[in-house]
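This report covers aromatic pairs, salt bridges, strand pairing, one helix and the nonpolar cores. Please keep the sequence and the structure in view while reading.

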Amino acid sequence: MTVDTHAIRTVEQLLAVLDLDETRARTTEDIFTGSSHPMPSGRIYGGQVLAQSLIAAERTMPEDRAVHSMHGYFLRPGDASQGITIAVDRIHDGRSFSTRRSQAYQNGVPIFSMIASFQDQDPGLDHAVPMPENVPDPESLLPDEARVDGLPAGTARMLNDRAADVRHVESPLFLPSDDANRPRQAVWMRLRAPLPDDQRLHRAALAYLSDMTIQESILRAHGVFWGLPGLKVASLDHAMWWHRPARVDEWLLYVQESPNARGGRGLAQGRIYTRAGDLVASVAQEIMIRVPEGQR
């Protein structure tokens, strides 16, 4: 990977956000504090608070017991200009599994609530749905920020300054797309600079990336794009299952599809593969989506 100073700086900023402070304050819960990325909207990016909540839970676990699943709800919009407090409840520790609840707070109220399960390494059955065939290599695709001329300056700057190199196989949905209205897409993604070898950090960074673009399979099904005037989208919940270890500073293929949209909500599902075809993780998310009359 050829890395320039700008790419290194963006990943260092992500690592700083994921490096929570442990307050040593503990009643029945472990307490951590963190900060946020600046965002053009002023709202916290959901994948950030998801990754921070996972990091906090991981801090209460032995290194050899890894997260295998999480289920979380986005309860309120977060303010990116304010700090975050994360409380971890040690719900259960068994012989092979542990359960933790993480809640992220601002101004004394929860903005995100998550339960995660952790497991020791254990042999067992092994199979996986194969990676789709005939997907273009990431090197043959331009980065998203090179394909979105005409965006507002704040959005263009956000794409250029994010820690992830994201490359849509289809057209990015920041602007109207000529692609057919199909409820599926594929995205290559990786962090712009190498991470340390700590797999806990790679799992949290994968959670960070998992919230990026998955909603678009719903939008794409109806020819909707992010810049559509009057469009309102908010993530309601997020579930993730980690299947196999992977590095997020190497190319990963995120295959996404939407099986359903109704009642102002849309469901998106995703599978994340290594370039070699190993299934790394599965993801599901439901969003609130409101499209202006006449645009549906």
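## Aromatic pairs

The count of aromatic pairs comes to 2 in this model, which is predicted. In one of them, the ring centres of Y45 and Y208 are 5.0 Å apart and the planes stand at 80°; an angle over 60 degrees counts as edge-to-face, so this pair is edge-to-face. The pair connects distant parts of the chain, with the two positions 163 residues apart in numbering: Y45 sits in the loop between β2 (30–34) and α2, and Y208 belongs to helix α4 (residues 199–210). The relative accessible area of Y45 is 13%, so Y45 is buried. Y208 has a relative accessible area of 5% and is therefore buried.

The rings of F74 and F112 also form a pair, with 5.0 Å from centre to centre and 45° between the planes, and this pair is tilted. F74 lies in strand β3 (residues 65–74) and F112 in strand β6, so that distant parts of the chain, 38 residues apart, are linked. Both F74 and F112 are buried.

## Salt bridges

How many salt bridges does the structure hold? The number is 19. As a general point, side chains of opposite charge can pair when their charged atoms come close.

One of the salt bridges joins the side chains of D19 and R59, at 3.6 Å from N to O. These residues come from distant parts of the chain, 40 residues apart: D19 is in the loop between α1 (5–18) and β1 (21–26), and R59 is in the loop between α2 and β3. Are D19 and R59 buried or exposed? D19 has a relative accessible area of 52%, which is over 50%, so D19 is exposed. For R59 the value is 36%, so R59 is partly exposed.

Another salt bridge is formed by the side chains of E58 and R203, with an N to O distance of 3.3 Å. This pair links helix α2, which holds E58, to helix α4, which holds R203, across 145 residues of the chain. E58 and R203 are both buried.

The side chains of R65 and D120 meet in a salt bridge at 2.8 Å, N to O. R65 is in strand β3 and D120 is in strand β6, 55 residues apart. With a relative accessible area of 8%, R65 is buried; D120, at 23%, is partly exposed. There is also a network of salt bridges with shared partners, made up of E29, D89 and R101.

## Strands β4, β5 and β6

Strand β4 (residues 84–93) pairs with strand β5 (residues 97–106) in the antiparallel sense, over 8 bridges. Within this pairing, A87 is opposite Q103 of β5. The connection from β4 to β5 is a hairpin through 3 residues.

Strand β5 also pairs with strand β6 (residues 109–120), in the antiparallel sense and over 10 bridges. Here Y105 stands opposite P110 of β6. The hairpin of β5 and β6 has 2 residues between the strands, and in this hairpin N107 takes a positive phi near 55°.

## Helix α2

Helix α2 (residues 46–58) has 13 residues, which at 1.5 Å a residue should span 18 Å; the C-alpha atoms at its ends are 18 Å apart, so the expected and modelled spans agree. Why is α2 described as largely enclosed by the rest of the structure? Of its 13 residues, 13 are buried, and so the description holds.

## Nonpolar cores

The largest nonpolar core has 66 residues, and the members that touch the most other members are F112, L191, L206 and I272. A separate core consists of 8 residues, including A186, W251, L253 and V255. In soluble globular proteins, nonpolar side chains tend to be buried together.

F112, the β6 residue that pairs with F74, has several contacts beyond its neighbours within four places in sequence. Among these contacts are V49, L50 and S53, as well as M70, G72, Y73, F74 and L75. The contacts of F112 also include S102, Q103 and A104; Q103 is the β5 residue opposite A87.

Definitions and conventions: Residues are numbered from 1 along each chain as its sequence is written. This is a predicted model: local features need pLDDT of at least 70, side-chain atom pairs count only at pLDDT 80 or more; totals for chains, interfaces and linings use all residues. Side-chain values use heavy atoms; hydrogens and water are left out. Helices (H or I, at least four residues) and strands (E, at least two) are DSSP runs, numbered from the N terminus. The expected span of a helix is 1.5 Å times one less than its number of residues. Buried means under 20% relative accessible area, exposed over 50%, partly exposed in between (1.4 Å probe, protein chains only). A nonpolar core is a set of buried Ala, Val, Leu, Ile, Met, Phe, Trp, Tyr and Cys residues joined through side-chain atoms within 4.5 Å. Contact means heavy atoms within 4.5 Å. Two strands pair if DSSP finds at least two bridges between them. Rings of Phe, Tyr and Trp (its six-membered ring) pair if their centres lie within 6.5 Å; planes under 30 degrees apart count as stacked, over 60 as edge-to-face and the rest as tilted. A salt bridge is a side-chain nitrogen of Lys or Arg within 4 Å of a carboxyl oxygen of Asp or Glu.
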